[in-house]
Each structure stands twice: as C-alpha cells, then as structure tokens.
Protein chains: 2
Amino acid sequence: MRSLFSAVFSSVKILACRQSQVICRRFGGVRRYSSESSTSETRLDSAVAERFKLKRATHSVAQLYKDPNISSFISSSSSSSSTSSTPPKVVLHGWIDAAPRKLSKKLTFAILRGVQFDEGPQTIQLVQFGKEGDQTGALLSKMKQETPVCVEGTVARHEGTNEYEVKVISVTPLNHPHDLASQVRDAKEWDAKDRYLQLRTPQLQHALATRSKIAMSIRDQFIRQDNFIEVETPLLFKSTPEGAREFLVPSRANEGKFYALPQSPQQYKQLLIAGGVHRYFQIAKCFRDEDLRSDRQPEFTQVDLEMGFAGAEDVMDVVERCIIRLWREVKDIDLTAPIPRLTYLEAMSKYGIDKPDLRDAMQIIDLSKFAIATNHQDYSVFEILVYRPPAADSPIPTIAPAPEAYPTLRTPLMFTITDTNSATEWLQQCVQKFNLVFKSQSELGVIAQEIAFENDIRQGDIIYACTRQTMPFENPTPLGRQRLHVLYETGIHHSDTYSPVWIVDFPLFTPVEKSDVVSGHIEFDYDNLTATHHPFTMPALSSLPEITAAIEHDRQVDARVVIGQHYDLVLNGVEVGGGSARIHDSLLQRLILAKLLRIPNISTDPQIPDPLNPFAHLLTALEMGCPPHAGLALGFDRLCAIIVGADSIRDVIAFPKTQSGADPVVGSPSEVTDAALAVYHLNRRSSK
Amino acid sequence: MRSLFSAVFSSVKILACRQSQVICRRFGGVRRYSSESSTSETRLDSAVAERFKLKRATHSVAQLYKDPNISSFISSSSSSSSTSSTPPKVVLHGWIDAAPRKLSKKLTFAILRGVQFDEGPQTIQLVQFGKEGDQTGALLSKMKQETPVCVEGTVARHEGTNEYEVKVISVTPLNHPHDLASQVRDAKEWDAKDRYLQLRTPQLQHALATRSKIAMSIRDQFIRQDNFIEVETPLLFKSTPEGAREFLVPSRANEGKFYALPQSPQQYKQLLIAGGVHRYFQIAKCFRDEDLRSDRQPEFTQVDLEMGFAGAEDVMDVVERCIIRLWREVKDIDLTAPIPRLTYLEAMSKYGIDKPDLRDAMQIIDLSKFAIATNHQDYSVFEILVYRPPAADSPIPTIAPAPEAYPTLRTPLMFTITDTNSATEWLQQCVQKFNLVFKSQSELGVIAQEIAFENDIRQGDIIYACTRQTMPFENPTPLGRQRLHVLYETGIHHSDTYSPVWIVDFPLFTPVEKSDVVSGHIEFDYDNLTATHHPFTMPALSSLPEITAAIEHDRQVDARVVIGQHYDLVLNGVEVGGGSARIHDSLLQRLILAKLLRIPNISTDPQIPDPLNPFAHLLTALEMGCPPHAGLALGFDRLCAIIVGADSIRDVIAFPKTQSGADPVVGSPSEVTDAALAVYHLNRRSSK
C-alpha cells in the first residue's frame, strides 16, 4: 500500500512540500500560526497510505466504561498481582486532543478525544511505549493535535484513579491536520469561516446533539402520542402581501414570474385542514429577508402545527404536554403544570410587555385608583415600579433609555425614597410631569402616604413612575422596559429557573404608529389597523358585535376592544411560540380582509371575484367545508437555545448566517454571471 | 348565539345570498355543479353561529370498535331483549360522506367519514329520528355531502351486521360546503387547483399518513438505534459549478449577489464531518431547476446521511438495516438480508442497465465466447436476450424503440425461432448487421446449435440481439431497454414483490457523449470526463495507479478502468439511493478536480490559491484533520411512492408542482412588481 501511494504522489512532490506553509499563509493575516516547516516531502507518501487503514471501532470512549468485560478485567487485575487474564483489545476512533507529551525516548502520553455521540467521558489517555527506531507503526509523539486516528490497544486503569487509559498497540493517523486546527481551543477564537473547527468544541457538539434530541422528542410526542402526522409543505411558495419581506426565487420556465420562500407554512397548513388532514405537524424551514436584528436568522426553523375540529384549548393542551415532556426528557426538570395564563392586558399592566419574564415576581403598580394622567388623552394610566435594593450599598439600577424619538415623556421618572420629604416629593414631580388629576381631595402628602402604605413602599426603595394607555399598544411600556432593565442589572438572566406562561386575549388589530409625532408620546392611527398576528386569526366571539357594528356603519373597529383568539407561549421573557384559532368562515374572513384590514383586491362580493385576490385559494378552501381549526408555531431555534442555555440562536445552528446574511464558510451569497441571470430573464439594475 | 350572528351578518345578507351561485360560476367552466339555489338569506345567520359549537370528540370511528364500554353494552343489549343498561354517549367529528337518505318524514340515514388518523374503520352510519317541524337541532336530511359535523349520539349495532351505527342525539354542521366539494369522489377527477379536495380521498390520506410514518421509522432507526444526530443544513446556499441547474435567490443586503437553493446538502455534510459530527443524518429539502421529466419535482426530499471514521461498508450496513426495518414496520414484509450486490459491469452485462429490475430473473446472454462484433470498435460485445412466451398464443413483446438519434444500430434485431432454418437464420442476420467475427472455424449452423444448446434456446423462443461496449457507458443498452420493455409488456410492474439490490464498482468518470455522430452508434469523448456521481467520490484503491500514471504523464485517465467507491440502492428498477466513500485527502481531491475533471480555478498548487475556487471551503476543511467518511442519500419521495404503491411521487406529496413547475393551488410562481424587483437590484430582461 505504501509503495502504491509513493507512486501516486511522486509526481506531485513539489506541490506537497509547500502545502503546509501555504495554508498558513492563507490564514496568515488573520491569526497566529505555527511557522515550523513540515516534512512534507515524505508526508503525503506515507500518511495518505495510512488514511484508509481504518478498522471498525469496538467502543466509543464512554462505552469502554460500560463494557462488563473491561470492568471485570480491570477489577481482577487490580485485586491480585497476577495479571493472568488477557486484557481486552479495543479499537477506538477520535482525535488527538492535546499535543502528545514525550516522557522519555520510549514513553509517550496523549489524550484521545473520542467521537462524540453518547453520554459519558469523551476523552481518554493514550500511552505508547516505543521509540523512533521502531518500525512497527506510527509514533504518537510525532502526531499533531487534531490528527484523526484509529487506535488499537488494551484498556488499563489509570494509576491512582478510577479512570481508564489505553495502552497503544498501534495508532494510525487518518489525515494530516494543518497547525491552525490545534491553535485555539475556544470556539469563539476561531474565525466564523472556520465553523467546522468551532463545531469540534464540546459546547457545540453538545448543542447540535441536544437539538437533534429535542426534535426527536417533539416528533415522538406529536406523532406517536397525539396522532399528528408530519406533512412537508412547499418551500417554493408565492409572494404574499402579509408580514415581513420575502426572498424571491425567479422561475426559469415561467418568464417574469417568481416564487417566494415562505415565512411560515400558515396558508398551506390551513389548506391541509381543509383537505381533511386532522392533525398536521411539521418541523419546517421558514425564511425572512429582514435586516437581521439581534438574534434573528434569514432562515430559521419552526415547529408548526394545526388541528382540525379544534379550538384554542385543544392546541394549548397539546403544546403544554409537549413542552413539559421536553423539559423532563432533556433537562430532567418538572415544569409546573398547567402553565399559568395571563391576558394581554394583565401582562401589559403588571409587567409592561407581552412577553413577561416571570422568573422574578416584581410587578408594576397601577395607581389609577389614586390618580389619572392628563397630559395626553391616550396615556391616562399612572403607574409605578418599586425596587428594593437587597442591601444599603447595592448598586442602583439606572433608568432604561426610551426610544430615541420619545426621550422625555416615555422615559420613567426615578426617585429614591430617602426621607419623609422625598416620600412626597416623588409624587409632586409626577403631578408636574404627567399632569395628574387625583380622585380624592386629600393633600398630596396624605395621598403619597396612602400609596406607600398600600404598596409597602419604604425608605431606601427606588420608585420608577410613568404612564401608559388603558389598552397599551406601546409595547414594552416605559415601566415594562424599566422592569427588564432592573432584572437584567440584578442578574436574572443567570438564573436557571424556567417560568413559562401563556399570554391570551391579544387585541386582534394593532393601530399603525404615526410617524410625524411631536407630542412626546407615541401616537397611533386608530383608523389604520394591521393584524396583530396575522389576518387569519379568529376574533373572540364576544368581539363580534363590535366587528358587526363597524362593518354595518362602514367605520373602523375600535382596536382597543376587539380581542383575538390568539395565544403566545412565553418563557423567561422570550416568545417561544404563538398560535390562534383561525377564521374558518369565508365571509367573515373576506370582510375582515377587505373592510377592516383594507387589503386590496379582496372582494366581499364573491360574485365579482378579483383575479388579483392574493388569498383566493384560502377563501375557496374555506368554502369547501373546512372544519374549525386552530394551530401554533414554536420557534425551534429559540427553544433549543433556551434549553442548551445558549446566549444566541447562532449557537444551536450548525452553519448560521452573519448579521449581513452571509455564510462565511462557503462564501454565500456570491456573484453569478450575467449569462446565468439571463436564463432567469433578469438584468442587473445599475445601482443608481 | 344565534341572535348574535344574526346581528353580525344582517348587514351582509346581500353578499351571502348569492355566494353559492358565485362559487359555482367561478368553477362553472371547468366542471359540473349543482345549480339548485341555496337558501342563503338565512344560511349564514344560523349556520355560522353553529360553526363554533364544537364539543371535543370522545372517539374516532375506529376507536369506537376498541372501546370496551361500547362493546360490552352492544353485546348485553343484543343478548337479552331488555335494554336496561344505558347506551354510552359519544361525540364524533367528521364529514358527511354521502348525501343523507331520508327514509321517511322522521328517519334519515347518512354516512359519517371520521377524521382519519388511526387504523380501522373510517366511516359509520348515522341514524336520525326527527322531522322538519322539530326545533331541537339541525337536520341531517338537510346536510350536503362534505359538511363537517360534530355528532353526539349513542352507539348501537347495525342490524344484521357486526358494524356499529350512531343514533344521533344532535348533529351540528360546522361549515357549509359548496356543492363542488361533493360532486366527484375520485381524486383524479378534481382539478389540480382543488388539491385540498383530492387530499380528502382515502388514498391520499393514507399516502400522507404513511409518509409521516416512514419518516418517523427512519428517524427512530438512525437517531435512536444507530446514534446519528439530525442536523439541519442551510437552504440559502451558494451557486456551485456541479450538477443540475439551480434556483437562484437574489440578496437584498448584498447587491449583485445571490444565494442558490441546494441540490443536496453534500458539501455541508462533509463540513460537518470535518467539524467532528460523527454520524450526521437529515431528512432534507433539495432543489433542482431542471425541466421536469416524467416523475421529478423542483423541490424534493432526501434522507441524507454521512458517517465519519467510516467507509462504504459501514454506510451500506446502516442503510440496509433501516430499509429492512422499514419494510417490516410499514409493509409487514421481511426483505431478504443481506441485500444482494452486483457490480456495475455485472448489472450492465446481465440486465443492460445500472438500475436493474430484479423482480424477474431474465438475463442478457453475453456471446463473446462465440463471436465479437466488429462494425464499431467500441461496441464489440455481441449479446442476446431470449424470451419464452408462456403459451403458444401469448402476445409477443415488440421491439423497444431506440433513442431517436440512433435508430438503426442501437435497435436490437428480433427473431422468432420457428424451425431449424430460423435457428440459424437469426445468427446469419447478426453476422451481417454486426459484422461478427467468430472464434471458431465451425460452420454457422453448428455455432448456432452450440449457442442454442448452451442457452437452452428452443422452438417458440424470441431472440433479441444487439451489441454493447465492454465497459458500457450507453445506459441502458439496447438489450437492457428491451428487457424492461418485455418485463413491462408482461406485467412485472403489477407484481407486489420487492427486489432490492446494491450496485457497486461504478466507473468513477463518465465520458461525455459526442453530439455530431453519424456512425449510428453513440460515441463518447474519452478525453472529456465528468464525475459519474459527483466530484467528491473516492476512487477504488485499485484504480489509483491509473490515476497516478495519468497525472504523471499529463494525460486523461482511461474512464473504462477507473472505478469509484460508489454504491446505489436499487429497488424494482428504481434508484432509491446512492452514496459513496468520499475523498478526505485534499491533494487527491485537488488533482481530480483540476487535472481530470478540469474544473476551472482549482489550483493544484495550494501556494497559489485561486480566489474563484468554488470548493476552497471544502478543501480547507479536509486539510484541518478531516477523518475518512462515507455517506448516502435516499430519494425519500420515491421511497414513499414505492411503499404506498403509488405510480408517481406526486401521490405522496401534499402539494406537488406541475410539469411546468407551477403550484396551481396557490398560483405560484406569480408576478411581482418592478418595485419589488428593484429592492433586489434587478430589472426584467426584455424578451425582445
């Protein structure tokens, strides 16, 4: 075999001999690298021949510890001085994890990092006796870190410990790694384009393995326990007028036409329900061509489900069981069942945000019973947040900054209660800023005392005060933002508790934010509504009179009172899922699309069908005897990140995109030729 | 509730009253529809109110038969005349499956088609007592086919049978179906745009449920039995020079740059192996923008896997176990293990194709020991196929037509052996057509006798004769095509046997077919090679000397002798999977890409890296200590189609695309505005 490979590579020696340097140079500008010249003249010749000498592994490292033959040998050899029994021979695969240490001319130690696919130890010490002159095989002492190897040897107890080690009979290097591979040990030190090196770290190995386990647990629950079927829906979908920006895919066969990559399988899953699929489920790829904020990816994964002949409660039941099982199976944690529920208004008034972090019980206090704010008609609720520092010298959380456009009136006031004066003074300042009107005729000091008494406000407490709308569309509210700020400054995100909550009774519609506002408050155009979640969400039955009245009188609905049958699953301040009961009555759907959301080309008179109606297929499907249905989608990447304790969803994705949407590993997106574009009937647009 | 909805829809009566007709008209040109006018004035008012009166189902139809309470009630009520025990009350969901039959003023029968998610009966008879005057609920007799309903009732035995029926207490229609929904009962009669109606048929319900079950079984095997992890790889990939045409996705954030949708996760999975993922697996979406031949889809699904520290045998082992388990679990069939193997050359010489249908034992007979053909130097093998009609009056299979460009010399000769004359005559004709040169000096008649004797050719047999290359790149060969033609004309495809086979030892390279050929034979340019499967396939170790010699002398390799470590899984003549051991040595990979496949911008001298090198990321990953690895991809759609016995993969895909790549249900692809294109820095190209 050796001579064969000598022949193979004799002609290419000149290439081989400088290969090592070259790779260094390629990475040279980016980071440190070893400058030692490798003995490449002979390297390929000998090493490549070895690269295919691969015996099957008998064990993973962890499996060694579970093998009864090995443990009985180990205990017999240690209990008696006679080592008459034959040590079991094993074959292991893995990488040289740390540079081998040559202890003497004859003795070398190294650490093998096994292939990581099971629980238990991942590394084991290798011990090789043998010196340079020996021709019996490869020398461990010559091997670089990150060399993939096949090791044959016998297992012994590592002296003075309960750990095993392997006495090497032979070790075969299966490839020759460049020095770069061994030079950093922390995933974050490698360049993003060397993602495959990052992936070798235990953290990312664990993250990918756990992600796989989570998906399997979810599938087992939905498919085997709850009788769902997994159905794949098309990724070459159609451009639709809803939601975020889409990726377009030009069609070669259909000149001038485009597919769009789906933002979710929403429409297809409703069509499946119309098609008699009783319980649909899919772990689906979705796409969103948005500017990538903090922790978003242009392609992401959703656990998507829909149930026919079902409503909100059915869906929440099923999802709740899935989540509870997941935590038990993957984290060995029993979440409290049932998962508590808050209405949107409760969440907004107690926590100031629709995805409250409930790991801390701190709540916002509504002071409407004492006073209302009158400096802006829409923001009449006067509320405070009280923080009690754990000790006198604890750091005081700062004020969370307001959005740039609303610096003054949407920033909370902040007070420290130090003495009797300041116990009234804070309220005095609120009167001035928020133009408070009190419900009682009492003096300010008395009212302040009442507030303090009722809410247990003491000396040393910090008060943050602001206003909100009665049905808040500002989300988070200033105090909601402040509450999160306080929680993070006091370290809530290091807690390893899990506090899931369902948020229900969302407003069905959200008014559009006005752009040219000088009032210092965020103002909304209540005549111009968007769907809070999506246009297919069923209104609460109790909201139908308002919808009816609005349509009857050709006016817009009052967005503050129309509730939708939507539910979000929130976990530690992260929205991990959202769903709704859907509209399955086509006329109601037509009226909401056309009259309230004012989407063009939707005829409410089906006698005049509009060929441009973007939802025609869905409306027709509803008209064919579609049963009531409800569903939900879980953000799978976020769910995985929470479970593995990662800061970012990037850490649970094998090949994430950067902020600019690039994949630095393969170099996508990339240039294509004009000729390739021409095939798709396209030209480049000159940039001005 | 009723009055609420009266209010809701009072304003829109005018729309509602003509809705039914309208929908008819929309479909009017396409198919039959009922012209009876519905009583829509009141329909929405009453029906919509009911649409949300949904109790949870207590059983599916099949579950009724498994419920011990029901069966004990049924047997007690039939065994004694006293029906003292209370009949169990049940709630069922489903559709009215056939138009209700009103047997008298008081008695109506109907069939309920339950929600289809478990094994067992899917339909049950409903019996309702009650007449028009009754105000106690909805009347079954008024319901159209395909009305989704919630039924409350008691279970009884259907007189004279072992089947159950439900005596209706109340039946609530949950939507009002258009007549169209009920007018055809066979999936093929509905228009493709009404896919959701097709999906309600038992065939497609079964196909989707089975597909889900197959995926789950495969995942269970790979993940839980064989320690694979499922890793999602990016769908926004990069344009590459290999293989079929890609879909491009313009990038908004990166002007002038494009993603491409992947044809397979091949490169990413090799990067995962370099990243220390030991056993990777994924049920992955893949894309191919080709003209859609017979049974292809622009987006399709692949069971994709890759194993580190592994070779071909490891992969074939794992896949074989998966397939055998699948057939046992889903079809209750034990496939013979191990799956037999044929080399490419064996398959081509015995069956004339690299994906032989082994449900029939018929083989092609190589007559090289008697004669060689000399009419074209490349096509020297003389071979025959012998068909024996089962009876004297059996139909005689015709000659399979040759490709249009090669009508004469690539069409087999066909003879019927009727008497002693014709037993020599056929060979005489072959001599003339193929310019046969015999190996013995014997007379033609003697040689014909020898051939007949050795191959048991008898009177009544049909002989098809033709030639092939010694290492055939013509695939199928004329006799391979003829064999399939004979098998299909004699009904092999109606057989329900399963004959899997591994095809191994493929040529690593395939010469390009010459275009301007007048010889009547398909001619190949042996200097111009493409990768038979893909450029990452590892050559057989025994082929390395030829590769070395070629590179050394700067010549092309002889494609007829260089074998690749590739393996295909073929089942009943369908290629269901293919894989290979990969090249994990970067220099060998560079040389093959640059010198033999002559792909531009691949430097064999890594000291001069080419910035345009499309495989730079992969080559670098190999250089970082990538272990040996091998993998495979199964065509999931084809696998599902074979298992459910569907003619086309369209029948196992929820929303397949048409031949032109369109989805008629949602109407994709569709027009987008110039403004939307501008965002992606693109213009329409005028088609002139």
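Here is a chat between a trainee and a mentor about a predicted model with chains A and B.

Trainee: Let's start with where the chains meet. How many residues of chain B are in contact with chain A?

Mentor: This is a predicted model, so keep that in mind throughout. Contact here means heavy atoms within 4.5 Å. On the chain A side, 159 residues take part, and the number for chain B is 159.

Trainee: About how much area do chain B and chain A bury between them?

Mentor: The size of an interface is often given as the accessible area lost when the parts come together. For chain B and chain A, 62% of that area is on carbon and sulfur atoms, and the total is about 14400 Å².

Trainee: Which helix of chain B gives the most to the side that touches chain A?

Mentor: Let's look at the polar side of the interface on the way there. Between chain B and chain A there are 65 residue pairs in polar contact, both at pLDDT 80 or more. The helix of chain B that gives the most to this side supplies 10 residues, spans residues 202–225, and is α9.

Trainee: And by class, how many residues on that side of chain B are nonpolar?

Mentor: Take the other classes as a start: 36 residues there are polar and 38 are charged. The nonpolar count for the side of chain B that touches chain A is 85.

Trainee: How many salt bridges are there between chain B and chain A?

Mentor: One of them pairs B:D314 with A:R56, with the closest N and O atoms 2.6 Å apart. That fits the cut-off, because a salt bridge needs the nitrogen within 4 Å of the carboxyl oxygen. Over all chains, the whole structure has 80 salt bridges. Between chain B and chain A, the count is 12.

Trainee: Do strands join the chains as well, and which residue is the bridge partner of A:N683 in β25(B)?

Mentor: Strand β25 of chain A and strand β25 of chain B, residues 682–684 in each, run antiparallel and are joined by three bridges. In β25(B), the partner of A:N683 is B:N683.

Trainee: Now inside chain A. How many residues apart are A:E299 and A:K657?

Mentor: These two form a salt bridge, with the closest N and O atoms 3.0 Å apart. A:E299 is in strand β10, while A:K657 is in the loop between α17 and β24 of chain A. The pair links distant parts of the chain, and the separation is 358 residues.

Trainee: Is A:K657 buried or exposed?

Mentor: Buried means under 20% relative accessible area. Its partner A:E299 has 8%, so A:E299 counts as buried. A:K657 has 1%, so A:K657 is buried.

Trainee: In chain B, which residue does B:E299 form a salt bridge with?

Mentor: B:E299 has 7% relative accessibility and counts as buried. The partner has 16% and also counts as buried. With the closest N and O atoms 3.4 Å apart, the partner of B:E299 is B:K285.

Trainee: What about B:D527: what is its relative accessibility?

Mentor: The side chain of B:D527 meets that of B:R598 in a salt bridge at 3.4 Å, N to O. B:D527 lies in strand β20 and B:R598 in the loop between α17 and α18 of chain B, so the pair ties together parts that are 71 residues apart in sequence. B:D527 counts as partly exposed, with a value of 41%.

Trainee: Last one. Which residue has its backbone oxygen 2.6 Å from a polar atom of the side chain of A:T548?

Mentor: A:T548 is in helix α14 of chain A, residues 544–552. At 3% relative accessibility, A:T548 counts as buried. The backbone oxygen in question belongs to A:L544.

How values were computed: Residues are numbered from 1 along each chain as its sequence is written. Chains are lettered from A and ligands numbered from 1 in the order in which they are written. This is a predicted model: local features need pLDDT of at least 70, side-chain atom pairs count only at pLDDT 80 or more; totals for chains, interfaces and linings use all residues. Side-chain values use heavy atoms; hydrogens and water are left out. Buried area is the accessible area (1.4 Å probe) that two parts lose on being put together, summed over both. A polar contact is a pair of N or O atoms within 3.5 Å; within protein, one must be able to donate a hydrogen and the other to accept it, and residues adjacent in sequence count only if both atoms are side-chain atoms. Helices (H or I, at least four residues) and strands (E, at least two) are DSSP runs, numbered from the N terminus. Ala, Val, Leu, Ile, Met, Phe, Trp, Tyr, Cys and Pro count as nonpolar, Asp, Glu, Lys and Arg as charged, and the others, Gly among them, as polar. Two strands pair if DSSP finds at least two bridges between them. Buried means under 20% relative accessible area, exposed over 50%, partly exposed in between (1.4 Å probe, protein chains only).
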